[in-house]
Amino acid sequence: HDLAETPQDRISMMAAANSTHAPRHIVVPDDVELDSPVEITLTGTGVEEAAFQNVVVEIGRNSRATVIVRYRGSAQLGENWTFRVADGAHVVVLFIQEWDASAVHGAQVAFEIGRDAVVRTAQASFGGKAVRVSQAARYTGPGGDLTDLGAYFVDADQHVEHRLFVDHNEPRSVSHVDYRGCLQGQDAHSVWIGDVLIRPTAEDIETFESNKNLVLTEGCRADAVPNLEIQTGRIRGAGHSASTGRFDADQLFYLQARGIDEVEARRLVVHGFFTDIVRRIGVESVSDELIERIESELVDALGTSESPAVEGAGQ
């Protein structure tokens, strides 16, 4: 059951087989609280040859840490990440995709969550020609708590895909999954697949997964498939939801009736769509950075407004 050495698809298998070096290890010892995040920036310099890597991150018992991974430039990258989070540890893990438009990226991200450990993770995807992230989580003791967030903006001719699997194999475990995406431009395509398995041993658990997609233009496609398999009736709660839609006409009418032009009204609706989930990441500097990136994407998608925003709107 070692997720680090168990590829889940062709990309992760190629990464495991073709990496030119042993897995990189990042270790936070027991009973350590890091004062600042561990920041890793991967910068691609071209797409001529594929690159592969495997990384294992170990968070010791009762430790606290934040890990931020950024992707920039252009590359063909296949990789595996495994996070082993020991008992009582608290960790925030953020992946920020800022690829150039030509990049192709496939990743498997696996979490092993110890007794009473708390994991908050987020995927922010705002670049690349094709991005596919498969993320899995399982528990190595009761009481583990997982929050998995995602925000993505898909432009014309881009493909962004997130596949999630949460294996509730221990009692009193918790998982909350919430991904939100915006699409604009011809052949913009997003895929979100969320699988949750509640095993017979996973009594008194709680889980909910949600995916929401906002389509800004014609020619986009958003596929959303939530799956929930329950093998015991002795749980606190379980549910899932998925939706894809256009701008809410009532929201636009409300804003335009108060003197806000259509472009600014649309910007505010999308801003509000993303702001809640971005703020829940819990790292203020990163949340502010992502909101600025979303604003930049909105300027590209919607243009600029001819009227000033209402003071305090979108807060």
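Select Arg-180 to begin; this residue sits in strand β10. The model is predicted, and the chain averages a pLDDT of 87, with 87% of the residues scoring at least 70.

**Stop 1: Arg-180 and its surroundings**

Is Arg-180 buried or exposed? Its relative accessible area is 11%, so Arg-180 is buried. Show the side chain of Asp-178 as well: the side chain of Arg-180 makes a polar contact with it at 3.4 Å. Then display the residues that Arg-180 touches, leaving aside neighbours within four places in sequence. They are Gly-150, Ala-151, Tyr-152, Asn-211, Lys-212, Phe-273, Phe-274, Asp-276, Ile-277 and Arg-280.

**Stop 2: Phe-273 and Phe-274**

Two of the residues in contact with Arg-180 are Phe-273 and Phe-274; select these next. A pair of aromatic rings is described by the distance of the centres and the angle of the planes. The model has six aromatic pairs, and Phe-273 with Phe-274 is an edge-to-face one, with 5.3 Å from centre to centre and 75° between the planes. The angle qualifies because edge-to-face requires planes over 60 degrees apart. Phe-273 has 15% relative accessibility and counts as buried. Phe-274, at 1%, counts as buried too.

**Stop 3: the aromatic cluster and the core around it**

Now select Trp-81, Phe-83, Phe-95 and Phe-111, which form one aromatic cluster. Which residues touch the most other members of the largest nonpolar core? They are Trp-81, Phe-83, Phe-95, Phe-111 and Ile-113, in a core of 45 residues. Colour strand β3, residues 64-85, to see the element that gives the most to this core: nine residues come from it.

Centre the view on Phe-95. Not counting residues up to four places away in sequence, Phe-95 touches Val-69, Tyr-71, Trp-81, Phe-83, Val-109, Ala-122, Gln-123 and Ala-124. Apart from the core of 45 residues lies another, with 27 residues, including Leu-94, Cys-182, Leu-216 and Val-286.

**Stop 4: Ala-136**

Val-109, one of the residues touched by Phe-95, leads to the next selection. Ala-136 is found in strand β7, residues 130-139. Its C-alpha is 6.3 Å from that of Val-109, although the two are 27 residues apart in sequence. With a relative accessible area of 15%, Ala-136 is buried. Beyond four places in sequence, Ala-136 is in contact with Val-109, Ala-110, Phe-111 and Phe-165. Of these, Phe-111 was already selected as part of the aromatic cluster.

**Stop 5: the cysteines**

Return to the core of 27 residues and pick Cys-182, one of its members. How many disulfides does a search of the whole structure find? The search finds zero. Why does Cys-182 not bond to Cys-220? Cys-220 holds the cysteine sulfur closest to that of Cys-182, but the distance is 9.1 Å, too far for a bond. For a disulfide, the two sulfur atoms would have to be within 2.5 Å. Starting from Cys-220 leads back to Cys-182, whose sulfur is the closest cysteine sulfur, at 9.1 Å. Cys-182 has 0% relative accessibility and counts as buried.

**Stop 6: two loops with positive phi**

Move to the loop between β10 (174-183) and β11 (189-198), and select Asp-187 there. Phi of Asp-187 is near 65°, a positive value in a residue other than glycine. At 46% relative accessibility, this aspartate counts as partly exposed.

Follow the chain to the loop between β11 and β12 (206-215), where Asp-204 is placed. Asp-204 is not a glycine, yet its phi is positive, at about 60°. Its relative accessibility is 34%, so Asp-204 counts as partly exposed.

**Stop 7: Thr-232**

Select Thr-232, in the loop between β13 (221-230) and β14 (237-245). Its side chain reaches the backbone nitrogen of Arg-234 at 3.3 Å. Thr-232 counts as buried, at 11% relative accessibility. Which residues are in contact with Thr-232, leaving aside its neighbours within four places in sequence? They are Ile-198, Arg-199, Pro-200, Ala-202 and Glu-203.

**Last stop: residues 307-315**

Finish by selecting residues 307-315, over which pLDDT stays under 50. For this segment the model has ten contacts beyond four places in sequence.

Definitions and conventions
Residues are numbered from 1 along each chain as its sequence is written. This is a predicted model: local features need pLDDT of at least 70, side-chain atom pairs count only at pLDDT 80 or more; totals for chains, interfaces and linings use all residues. Side-chain values use heavy atoms; hydrogens and water are left out. Rings of Phe, Tyr and Trp (its six-membered ring) pair if their centres lie within 6.5 Å; planes under 30 degrees apart count as stacked, over 60 as edge-to-face and the rest as tilted. Buried means under 20% relative accessible area, exposed over 50%, partly exposed in between (1.4 Å probe, protein chains only). pLDDT is the predictor's confidence in each residue, from 0 to 100. Contact means heavy atoms within 4.5 Å. A nonpolar core is a set of buried Ala, Val, Leu, Ile, Met, Phe, Trp, Tyr and Cys residues joined through side-chain atoms within 4.5 Å. Helices (H or I, at least four residues) and strands (E, at least two) are DSSP runs, numbered from the N terminus. A polar contact is a pair of N or O atoms within 3.5 Å; within protein, one must be able to donate a hydrogen and the other to accept it, and residues adjacent in sequence count only if both atoms are side-chain atoms.
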